[in-house]
Amino acid sequence: MQQPGLKESENAVALLGDCHPLLEQLGSTEGLVTLASAAGVLRVPQVTTLESLMEFLDAYKGKLLLAVELPSIQKAYHHACGNQTRELIALDQEISKMAIPGDFASASRRVGRGQLRRLRPLRDERVAQRYLQAVEETRANGWHTLVYGLTLALYSVPIRQGLINYARYALSGFVHAAARTLALSETFCRKLVESLCEDIPQRLEALLNKDKVQGFHSV
């Protein structure tokens, strides 16, 4: 895997900053996924109070973030580091068989494909180019989580830090989407996100240790 130059590394920061599909969409009238529809998907009450916001955040964190999104990112990272394009496409197809809510699936594909196209100039990165080709040939979906994991690998971002950042981006997006309606201060929002992320490093240990065992057996 080629090491990116300074300019490419700077571009990676921009890529990683908006790779979560809900950051741009939440709170936007043009967004595919709103806080209201997300609450419906997770089968929790609409967010109208701080209590209902906490219930929503707990549901998202447990049912999607920790159960689906972070493991998908970690697997994509592992495949990208090993130049395993076939396995990455298979993972993409495996995710498509999950019962992913329509709004989330549409947002994931839209943002993932947009980010993947931005990797097109990296001609020497075969995994990225072949995954992009598979998406363009409709053999893969281009899920945002897989593109995020791929991007972490391409720019040599440590997987642990990448996963923690992703969790922070996602949770912060939801909190700030509710901030105006619930009259939450920026200080309160920051503290809430920090509290939600406190146990993320510990929760990642099992996931990352599993990856180490798989890497050992593949040697």
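**Exercise 1. At what angle do helix α7 (residues 144-154) and helix α8 (residues 159-182) pack, and how far apart are their axes?**

Solution. The model is a predicted one.

Step 1. Helix α7 and helix α8 pack at about 140 degrees, and their axes are 10 Å apart.

Step 2. Angles over 145 degrees count as roughly antiparallel and those from 65 to 115 degrees as roughly perpendicular. The angle therefore makes α7 oblique to α8.

Step 3. The crossing in which α7 passes α8 is right-handed.

Step 4. On the α7 side the contact is formed by His-144, Thr-145, Tyr-148 and Leu-152, and on the α8 side by Ile-159, Gly-162, Asn-165, Tyr-166 and Tyr-169. Sorted by character, the residues of this contact are five nonpolar, four polar and no charged.

**Exercise 2. Describe the make-up of the chain as a whole.**

Solution.

Step 1. The chain contains ten helices and zero strands. Its pattern along the sequence accordingly reads α-α-α-α-α-α-α-α-α-α.

Step 2. The chain has 219 residues, of which 48% count as buried. It exposes about 11,300 Å², and carbon and sulfur atoms supply 50% of that area.

Step 3. Consider the contacts between residues at least 6 apart in sequence: 72% of them join residues at least 24 apart.

**Exercise 3. Characterise the packing of α3 against α7, and state which residues take part.**

Solution.

Step 1. The axes of α3 and α7 lie 7 Å apart, at an angle of about 45 degrees.

Step 2. Angles under 35 degrees count as roughly parallel, and the roughly perpendicular range begins at 65 degrees. The two helices, α3 and α7, are therefore oblique to each other. Their crossing is right-handed.

Step 3. From α3, the participants are Glu-69, Ser-72, Ile-73, Ala-76, Tyr-77, Ala-80 and Cys-81; from α7, they are His-144, Thr-145, Leu-146, Tyr-148, Gly-149, Leu-150, Leu-152 and Ala-153.

Step 4. These residues of the contact of α3 with α7 divide into ten nonpolar, four polar and one charged.

**Exercise 4. How do the axes of helix α4 (residues 85-96) and helix α6 (residues 126-136) cross, and within what distance do they come?**

Solution.

Step 1. The axes of α4 and α6 come within 9 Å and cross at roughly 40 degrees. The helices α4 and α6 are therefore oblique to each other, and their crossing is right-handed.

Step 2. Thr-85, Leu-88, Ile-89 and Asp-92 of α4 make the contact with Arg-126, Val-127, Arg-130, Tyr-131 and Ala-134 of α6. This set comprises five nonpolar, one polar and three charged residues.

Step 3. One of these residues can be followed individually. Thr-85, in helix α4, has a relative accessible area of 8% and is buried. Apart from neighbours within four places in sequence, Thr-85 is in contact with Arg-126, Val-127, Arg-130 and Tyr-131.

**Exercise 5. Is Leu-182 buried or exposed, and which residues does Leu-182 touch, not counting residues up to four places away in sequence?**

Solution.

Step 1. Leu-182 lies in helix α8.

Step 2. A residue is buried when its relative accessible area is under 20%. Leu-182 has 17% relative accessibility and therefore counts as buried.

Step 3. Beyond residues up to four places away in sequence, Leu-182 touches Val-47, Thr-48, Thr-49, Leu-50 and Leu-53. For Thr-48, the separation from Leu-182 is 134 residues in sequence but 7.1 Å in space, taken from C-alpha to C-alpha.

**Exercise 6. Compare the setting of Arg-43 with that of Ser-156.**

Solution.

Step 1. Arg-43 is not a glycine, yet it has a positive phi of about 60 degrees. Ser-156, likewise not a glycine, has a positive phi of about 55 degrees.

Step 2. Arg-43 is placed in the loop between α2 (35-41) and α3 (50-81), while Ser-156 is placed in the loop between α7 and α8.

Step 3. The cut-off for an exposed residue is a relative accessible area over 50%. Arg-43, with 77%, is therefore exposed. Ser-156, with 41%, is partly exposed.

Definitions and conventions. Residues are numbered from 1 along each chain as its sequence is written. This is a predicted model: local features need pLDDT of at least 70, side-chain atom pairs count only at pLDDT 80 or more; totals for chains, interfaces and linings use all residues. Side-chain values use heavy atoms; hydrogens and water are left out. Axes are lines fitted to C-alpha atoms, for helices over the stretch in contact, and angles run from 0 to 180 degrees between N-to-C directions. Helices (H or I, at least four residues) and strands (E, at least two) are DSSP runs, numbered from the N terminus. A crossing is left-handed if the near helix is turned anticlockwise from the far one by less than a right angle, and right-handed if clockwise. Contact means heavy atoms within 4.5 Å. Ala, Val, Leu, Ile, Met, Phe, Trp, Tyr, Cys and Pro count as nonpolar, Asp, Glu, Lys and Arg as charged, and the others, Gly among them, as polar. Buried means under 20% relative accessible area, exposed over 50%, partly exposed in between (1.4 Å probe, protein chains only). Accessible areas come from the Shrake-Rupley method with a 1.4 Å probe; for residues, only the protein chains shown count as cover.
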